[in-house]
Amino acid sequence: MRLILSIIAFGFIVSTHAQEMLTYEEYMLWVRDYHPVAKQADVTLRFGDQELLSARGGFDPVAFMDINAKRYNETDYYDRRTAGVVVPTWGGVELKGVGEQNRGAFLNPEQRVPDSGLLALGASVNVGQGLFIDRRRAALRQAQIYRDATRAERELILNDLYLDATDSYWQWAADYNNLQVVSEGLRLAEMRFEMIKESFIQGDFPAIDTVEAYTQVMDRQYRFQQAEINFFQSTQMLNTFLWDSEETPADLLVGVYPEDVLDPFVFDYNTEALREYVDSHPELQLTDFDISNLEVERRFRAEMLKPVLKVDYNFLTTSINTLPENSFFVNDYKWGLTFSTPLFLRRERGNLGFTKARLDFKNYQRDLKFIQLRNKLETEIFNFETVEQQLVTFSNNVTGLQRLLDGEMTRFEIGESSLFLVNAREVSLFQAQQTLNELAAKRKTAYAKMLNAAGLGFDPQ
C-alpha cells in the first residue's frame, strides 16, 4: 500500500496516464505518518519528558568542595578544606556526608580537627515548613502532571487533524463525482445536438430545436468548467495534507481519483458510548490537569504558612571504618536547630488565597467546558442522523427523477414529448445527483465531526 501511494502521490514513475485510486484509508494513514501537524503532535510528548527530567534534577545528589588558604610573611595562617555530598530525598530529608581537613597557625579553634581530617555523616530534616511538601517536590509533581497533559494535547491535535483531513478528502470525492455527472451531461447534450442538427438537415425537426439543443450544450459546457474549477480547488486543498517521508510537500498526479463518495461506508458507533467518551475528552483532560497543577500549588502555599523548623544532626568520625558507637547527643556529634517565621504571614496568606481563587475559577471553567462539549456532541449526533435521513430521502428522489427521465425519453421517441421537456428532466436529474454527492460527503464528514466532538479521531499510540 505504501508503494502504491508513493507512486500515486509523489511521481516516482514517468507515466501519468494510468488511473489509480487513492482510498480514504491509504490517505489517512499517509496523513498520520507524514503530515507536519502529526509530527508536531508527537513532539509535544518530548516537551513533557524533558520537563520531567528537569524537575527530577532537583533530587540529584550534589557534590561540593571548598578550599580557603592564607599564607603571609612565611606563616601559614590557615588552610581550610571541605568537601562532601548532599543527597535530597522525596521525603524532604537531606542526607549529608562532609569531610574537613584544616590546619594553620591562626586557625579558628572551633575549626581544629585531627590531622587525618574529620568526617560528618548525618541528615537535615524539616519538621515544620517543608515536612509534607516543598518547592522541589511540588515542581516534580507538576512536571509529572505536565507530562500527562502533553499526551492529552497530542491527542487533541491529532483529532483536529483527523477531522480536517477527512473533510478535505470527502469534499474532493464529492467534487470528483460531480465532475463525472456534468461531464456525462455535456456528452449527452453534445450527442443530442448532433442528432437534432442531422434531423433538421433531413427535415425531421424544426430549426428552433437545434437552437434549444445548442443552448443546452453551452449551458452544460459552463457547468462542466465550473465543476473543473471546484475539483481543482478541492485537489489543491487535499494536497496540503500530503507530505512525503522526506518532509517535502507532494501533489497528486493527474489521473488519481478518490473512492466513490456514494459507496457504502461502515459507521461503527454507539451514541451512549460516545456520551461516555465526553467525560475523558482531551479538552476536559487538559482542564483537569490545570486543576491538578493548581492543587499542588495550593498544598505548597498552605505549607508555607508553617514556621521554618529545621533540625540538623551529624555523627563525627575520623574514618568511615570507625563509625561512632555512642548514642545520640552523647559524644562525637554536632547538631543544629533553625527556626523562623513571619509575624503576620501576609505574603503567604495572600499567595494561598490567590491560588485558591485560581482553583475555583478553573473548576467553574471545567463545569462550563463539560456542558459545552456535551451539547456539541448532541448537536453533532443529531446532525449526523439527520443527514443520514436526508440521504435516504434524496436517494429515493434521484430514483424517481431517473424514472421520469426514462419515461420522458420514451415519450420523446414516439413523438409525444419535446426536446425542452427532455432537457428539463435531464437537468433536474443531474442537479439531484450532484446534491446526492454533496449529501454523501456531508454524511461522512458529519460522522468525523461526531467522533471529534466525543474526543475521538486518530487512534492514540
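**View 1. Strands β4 and β5, paired in a predicted model.** In β5, the residue that serves as bridge partner of K96 is G122. The model shown here and in the views below is a predicted one. Strand β4, covering residues 93-103, and strand β5, covering residues 118-126, run antiparallel and are joined by eight bridges. Within this pair of strands, V98 stands opposite A120 of β5.

**View 2. The open sheet as a whole.** The sheet is built from six strands, which follow one another in the order β2-β3-β4-β5-β7-β8, and the pairing is antiparallel. The edges are taken by β2 (62-72) and β8 (333-340), and because each of these has a single partner strand, one side of each is left without a neighbour in the sheet. On average, and with direction ignored, neighbouring strands of this sheet are turned by 15 degrees against each other. Strands of a sheet pair, in general, through backbone hydrogen bonds, in either a parallel or an antiparallel manner.

**View 3. The hairpin of β3 and β4.** Strand β3, which spans residues 75-88, pairs with β4 in the antiparallel sense over ten bridges. The two strands form a hairpin with four residues between them, and in the turn G92 has a positive phi of about 85 degrees. For a reader who wishes to follow the pairing residue by residue, R81 offers one example, with Q101 in β4 as its bridge partner.

**View 4. From β5 through β7 to the edge strand β8.** β5 pairs with β7 in the antiparallel sense, over eight bridges, and here L119 has T317 of β7 as its bridge partner. Strand β7, made up of residues 308-317, is in turn joined by eight bridges to β8, and these two strands run antiparallel. In this second pairing, Y313 stands opposite W335 of β8, a strand that stands at an edge of the sheet.

**View 5. G130 in the loop that follows β5.** G130 has its place in the loop between β5 and α4. With a relative accessible area of 4%, G130 is buried, because a residue counts as buried under 20%. When neighbours within four places in sequence are left aside, G130 is in contact with R137 and E303. The C-alpha atoms of G130 and V308 are separated by 7.9 Å, although these residues are 178 residues apart along the chain.

**View 6. Helices α4 and α5 side by side.** The axes of α4 and α5 come within 8 Å and cross at roughly 160 degrees. Since angles over 145 degrees count as roughly antiparallel, this crossing makes α4 roughly antiparallel to α5. The crossing in which α4 passes α5 is left-handed.

**View 7. The largest nonpolar core, with W172.** The largest nonpolar core holds 66 residues, of which Y27, W172 and L377 touch the most other members. Two or more residues are given to this core by each of the elements α2 (24-34), α3 (36-56), α4 (135-201), α5 (207-239), α8 and α9 (419-453). The largest share, 17 residues, comes from α4. W172, leaving aside its neighbours within four places in sequence, is in contact with L22, F231, S234, T235, L238, L252, V256, Y257 and P258. Apart from the largest core lies another one, of nine residues, and I133, F289, V296 and F300 are among them.

**View 8. Helices α7 and α8 in contact.** Helix α7, covering residues 282-303, and α8 have axes that come within 9 Å and cross at roughly 165 degrees. The two helices are therefore roughly antiparallel to each other, and α7 passes α8 in a left-handed crossing. The residues of α7 that make the contact include E283, L284, T287, D290, I291 and L294, while those of α8 include N351, L352, T355, L359, K362 and R366.

**View 9. K362 on helix α8.** K362 lies in helix α8, which covers residues 346-413. Its relative accessibility is 17%, and K362 therefore counts as buried, the limit being under 20%. Not counting residues up to four places away in sequence, K362 touches T287, D290, I291 and L294, and these four residues of α7 take part in the contact between α7 and α8.

Technical notes:
Residues numbered from 1 in each chain as written. Predicted model: local features only at pLDDT ≥ 70, side-chain atom pairs only at ≥ 80, totals over all residues. Heavy atoms only, no water. Buried < 20%, exposed > 50% of the residue type's maximum accessible area, 1.4 Å probe, protein only. Contact = heavy atoms within 4.5 Å. Pairing = 2+ DSSP bridges. Axes fitted to C-alpha atoms, helices over the stretch in contact; angles between N-to-C directions. Core = buried A, V, L, I, M, F, W, Y, C linked by side-chain atoms within 4.5 Å. Parallel < 35°, antiparallel > 145°, perpendicular 65-115°, else oblique. Left-handed = near helix turned anticlockwise from the far one by under 90°.
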